[in-house]
Amino acid sequence: MNEEQTALFTIFGATGDLAQRKLYPSLFRLFRKGFIKEHFAVIGTARREWSDDYYREIVTTSINSLKPTEEEAKAFASHFYYQSHDVTDTTHYTNLKNLADKLDAEYNLEGNRLFYLAMAPNFFGTIVNHLSSEKIMTENGFNRLVIEKPFGTSYETAAELNEQIRAVFSEDQIFRIDHYLGKEMIQNISAVRFGNNIFESLWNNRYIDNIQVTLAEDLGVEERGGYYDKSGALKDMIQNHILQVVALLAMEAPNNFTEKEIREEKIKALNAVKIYNEQEALDNFVRGQYVANRFKNEDIISYVDEPNVNPESRTETFVAGKLEINNFRWKGVPFYIRTGKQLSTKAARINIVFKATPTNIFSQEDICEKLPQNILTIYIQPTEGFSLSLNGKEPGPGFEIDPVKLDFRTPTDVVANSPEAYEKLILDALQGDATNFTHWDEVSQSWRIVDVIRQAWDNDSQPIPTYPAGTMGPAEAFDLLAKDQHEWVYKPDEWYREHGLL
Ligand SMILES: NC(=O)C1=CN([C@@H]2O[C@H](COP(=O)(O)OP(=O)(O)OC[C@H]3O[C@@H](n4cnc5c(N)ncnc54)[C@H](OP(=O)(O)O)[C@@H]3O)[C@@H](O)[C@H]2O)C=CC1
Ligand SMILES: O=C1O[C@H](COP(=O)(O)O)[C@@H](O)[C@H](O)[C@H]1O
């Protein structure tokens with residue numbers, strides 16, 4: 001039985017893309033499951049002059065793909081109210097307060113308020129100040145602030161933003177979203193590591209050779225060229241999602257699986273990531289930008305020809321890098337990370353490459369010149385599951401080594417029916433569980449790690465490496481691992497090449 005949560009949601013940026021694509025469908029799923037039922041209401045706010053009725057139509061359209069019955073959709077949408085509001089205009093907060101108080105009484109919301117800032121971060125400071133000064137926060141219930149990424153654009157801007165927010169909300173009231181932390185298989189990293197002694201005992205520099213994290217996308221920047229051109233892959237994906245994944249892979253076992261203890265361990269892991277100087281950053285990180293190519297029988301345009309992108313842009317759409325973690329457990333184990341747009345596939349996965357056996361006893365008999373290393377793969381998306389590659393004997397006469405894979409994939413119907421990341425995170429915020437949100441200490445350390453890389457690239461006048469759209473990045477990304485006698489385990493473009501699509 002799912003326990004009903006009581007709250008008033010105020011969504012700033014209610015007319016925007018995120019609200020319509022993610023937030024309303026996620027709220028609907030929670031409604032369908034009974035986590036929100038009678039005692040909730042949503043105030044959507046943005047500048048557009050919408051009526052409640054029109055807003056409810058938009059909300060209803062946004063949940064169409066979930067195939068609600070007419071009755072369900074109507075019941076759900078009836079909890080939504082729209083307030084036209086420019087967040088920079090103080091007078092409008094009075095209307096917001098009046099509506100909030102009215103709905104609180106009408107729906108019996110016990111003063112519980114969740115403010116969701118689905119807007120550009122430059123407005124966050126103004127909004128939180130007004131929430132406090134105009135007394136929109138309550139004294140009798142909870143007041144929680146959910147904030148979208150990007151949290152700042154550098155350590156300095158993030159610190160400034162944090163100060164503005166912390167002037168009003170305490171750390172335990174702030175829920176900084178990183179939607180990767182809501183993904184099933186990212187949450188599963190801890191289960192795999194700490195629930196299986198065969199892995200946890202080997203989870204260190206004595207047995208692990210290298211770790212690889214790939215978050216690949218097969219689309220370009222689409223309508224977000226304006227934002228992306230100022231951000232680039234380093235700030236868009238590495239500073240947040242990839243460093244969060246690295247923290248979960250690298251952290252020590254928490255004493256207990258609680259919010260506080262997990263966060264403490266993640267912070268310690270991030271603090272152990274080596275902060276490079278500029279030369280080290282250039283040696284250990286590579287960037288790339290996609291250029292036009294024909295892939296899967298389609299012509300893909302160059303990044304610089306995308307709408308709202310500067311035709312002279314040097315923004316990176318691809319990053320690959322090597323992180324070093326300077327602690328007892330990880331010293332000497334490279335963490336290779338990569339992400340990019342317009343790659344050959346949409347896939348996120350982690351490869352844990354174990355060290356080779358101390359000696360290959362099969363090489364002398366010419367059975368197997370090089371024994372494949374064992375690899376644990378965690379499939380994050382689109383397929384979810386794990387596989388472990390092992391070496392066995394090929395069945396039959398003679399003696400040949402046969403690499404085999406123990407492969408578990410979550411059935412597709414289970415994946416399709418499991419909660420979406422935003423749904424889980426909104427529920428966590430409603431329940432006051434910040435485990436899967438990022439603490440300021442994590443955010444700030446992540447900025448320290450990437451700032452120097454950004455700075456090194458900004459000071460580097462070399463042409464930015466390019467890669468044809470539909471491939472797995474520039475040659476430099478492969479050279480980076482080859483320098484260490486390693487290679488990327490995940491090579492999707494080989495498949496496309498073999499099938500004549502590349
Ligand atoms: N879209 C996505 O997939 C993702 C988005 N995010 C983050 O979420 C946030 C929102 O993104 P997204 O929905 O894509 O952005 P949009 O540009 O689609 O939406 C921005 C919203 O802000 C409102 N707005 C802008 N200026 C004002 C103002 N002065 N006063 C009141 N409302 C205003 C707009 O409405 P109006 O014009 O009517 O005022 C609109 O509702 C951003 O921080 C983004 O980085 C994070 C991850 C993914
Ligand atoms: O935060 C972001 O993530 C998406 C990728 O998320 P996914 O869940 O589809 O893997 C990325 O496209 C976007 O640029 C970035 O802002």
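User: What makes β1 and β2 paired strands in the open sheet β3-β2-β1-β4-β5-β6?

Analyst: This is a predicted model, where local features need pLDDT of at least 70, side-chain atom pairs count only at pLDDT 80 or more, and totals for chains, interfaces and linings use all residues. Residues are numbered from 1 along each chain as its sequence is written, while chains are lettered from A and ligands numbered from 1 in the order in which they are written. Strands (E, at least two residues) and helices (H or I, at least four) are DSSP runs, numbered from the N terminus. Two strands pair if DSSP finds at least two bridges between them. β1 (residues 7-12) and β2 (residues 40-46) have 6 bridges, so they count as a pair. F9, for instance, has V42 in β2 as its bridge partner.

User: Why are β3 and β6 called edge strands?

Analyst: β3 (80-84) and β6 (174-176) each have a single partner strand, so one side of each lacks a neighbour in the sheet.

User: How do you know that helix α5 packs on this sheet, and on which strands?

Analyst: Residues are in contact if their C-beta atoms, placed from the backbone, lie within 7 Å. Helix α5 (residues 124-133) touches β1, β4 (113-117) and β5 (143-147).

User: Why are α6 and α14 called roughly parallel or roughly antiparallel?

Analyst: Axes are lines fitted to C-alpha atoms, for helices over the stretch in contact, and angles run from 0 to 180 degrees between N-to-C directions. Under 35 degrees counts as roughly parallel, over 145 as roughly antiparallel, 65 to 115 as roughly perpendicular, and the rest as oblique. α6 (residues 155-166) and α14 (residues 440-458) pack at about 160°, so they are roughly antiparallel. Their axes are 9 Å apart.

User: What makes up the contact of α6 with α14, by class?

Analyst: Ala, Val, Leu, Ile, Met, Phe, Trp, Tyr, Cys and Pro count as nonpolar, Asp, Glu, Lys and Arg as charged, and the others, Gly among them, as polar. The contact has 6 nonpolar, 2 polar and 2 charged residues. Y155 and N162 of α6 are among them, as are W440 and D451 of α14.

User: What makes a residue count as near ligand 1, and how many surround the ligand?

Analyst: A residue is near a molecule or strand if its C-beta atom, placed from the backbone, lies within 6 Å of it. 21 residues surround ligand 1, the closest being G13, G16, L18, A46 and R47. Helix α1 (residues 17-32) gives the most to this shell, with 3 residues. By class, the shell holds 10 nonpolar, 5 polar and 6 charged residues.

How values were computed:
Contact = placed C-beta atoms within 7 Å.
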